[in-house]
Amino acid sequence: MIVSKRYNSKQQLIVTPTIALYLQSFSKSSLSSFCDWLNHNFTLRFQVANIPNGLGYYLRTTRFEDTMQFLSRLTPYSDDLIAFSYKLDWTSRLKIIQQEHPNHEIISTKTNRYFSPSEVEQLIALEAAGVSIPDIAKRLNRSVWSIYAKRSTIKKATERVRDLK
């Protein structure tokens, strides 16, 4: 497990776990086949991603839920893999990160929190009223990035509906 870290202006460190299978000596075609096999046989959701070395590709998870699912499949083997336990146990890894960053609040990426119809309506109304994206995020208790993503989804859905008319 690798952990990406980013700081925000509130002295918070936001951490996101990802599973990365560095198999960059294999071709994209081979990795795509292996990815499909893994995803089908183990109900996982790996994706082929770019990397600047080897043949240019590796496999990784991109969603928190997928990373946690992969780690949960390894939990029964954690006693046999003591040397790797910090890589396989997200709770323990969070404690280590907190010790390494004692002056920051550590915030872990969580499972997707879907927008309710009411939140979507508020987002649309606030944006129409000229409220900035950071302010909309504060009012809806959401990250700025989630507001941008939802805005994009709404825009695409609106365009599809318009195209159907």
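Visitor: How many of the seven residues of strand β2 are buried in this model?
Guide: The model is a predicted one, and in it strand β2 spans residues 12-18. A residue counts as buried when its relative accessible area is under 20%, and by that cut-off β2 is mostly covered, the number of its buried residues being six.

Visitor: Which strand is joined to β1 by six bridges?
Guide: Strand β1 covers residues 2-7, and one of its residues, I2, has T18 as its bridge partner. The two strands run antiparallel and form a hairpin with four residues between them, where Q11 in the turn has a positive phi of about 60 degrees. The strand joined to β1 by the six bridges is β2.

Visitor: With which strand does β2 pair in the parallel sense?
Guide: Besides its antiparallel bridges to β1, β2 takes part in a parallel pairing that extends over four bridges. Within that pairing, the bridge partner of Q12 is E105, and residue 105 begins the strand in question, which runs over residues 105-108 and is named β6.

Visitor: What is the order of the strands in the open sheet of three?
Guide: The pairing in this sheet is antiparallel, and β4 is bound to strand β5, residues 57-60, over four bridges, with Y57 in β5 as the bridge partner of N50. Strands β3 (20-21) and β4 (47-50) each have a single partner strand and stand at the edges, so one side of each is left without a neighbour in the sheet. Read across the sheet, the order is therefore β3-β5-β4.

Visitor: Is T43 buried or exposed?
Guide: T43 is found in the loop between α1 (28-42) and β4, and its phi is near 50 degrees, a positive value in a residue other than glycine. Since a residue counts as exposed when its relative accessible area is over 50%, and the area for T43 is 52%, T43 is exposed.

Visitor: What is the relative accessible area of N141?
Guide: N141 lies in the loop between α6 (133-140) and α7 (144-164), and although N141 is not a glycine, its phi is positive, at about 55 degrees. This residue is exposed, and its relative accessible area is 58%.

Visitor: What radius of gyration does the protein have?
Guide: The protein is built from seven helices and six strands, which follow one another along the sequence in the pattern β-β-β-α-β-β-α-α-α-β-α-α-α. Its C-alpha atoms fill a box of roughly 55 × 45 × 30 Å, taken along the principal axes. A compact globule of 165 residues would have a radius of gyration near 15 Å, whereas the protein has 20 Å.

Visitor: What share of the accessible surface belongs to carbon and sulfur atoms?
Guide: Of the 165 residues of the protein, 30% count as buried. The accessible surface of the whole protein comes to about 11200 Å², and the share of it that belongs to carbon and sulfur atoms is 54%.

Visitor: How far apart do the centres of the positive and negative side chains lie?
Guide: The protein has 23 positive side chains and 14 negative ones. Taking the centre of each of these two sets, the distance by which they lie apart is 5 Å.

Technical notes. Residues numbered from 1 in each chain as written. Predicted model: local features only at pLDDT ≥ 70, side-chain atom pairs only at ≥ 80, totals over all residues. Heavy atoms only, no water. Rg over C-alpha atoms; globule rule 2.2 N^0.38 Å. Buried < 20%, exposed > 50% of the residue type's maximum accessible area, 1.4 Å probe, protein only. Areas by Shrake-Rupley, 256 points an atom, 1.4 Å probe, with all protein chains shown as cover. Lys, Arg positive; Asp, Glu negative; His and termini not counted. Charge placed at Lys NZ, Arg CZ, Asp CG, Glu CD. Pairing = 2+ DSSP bridges.
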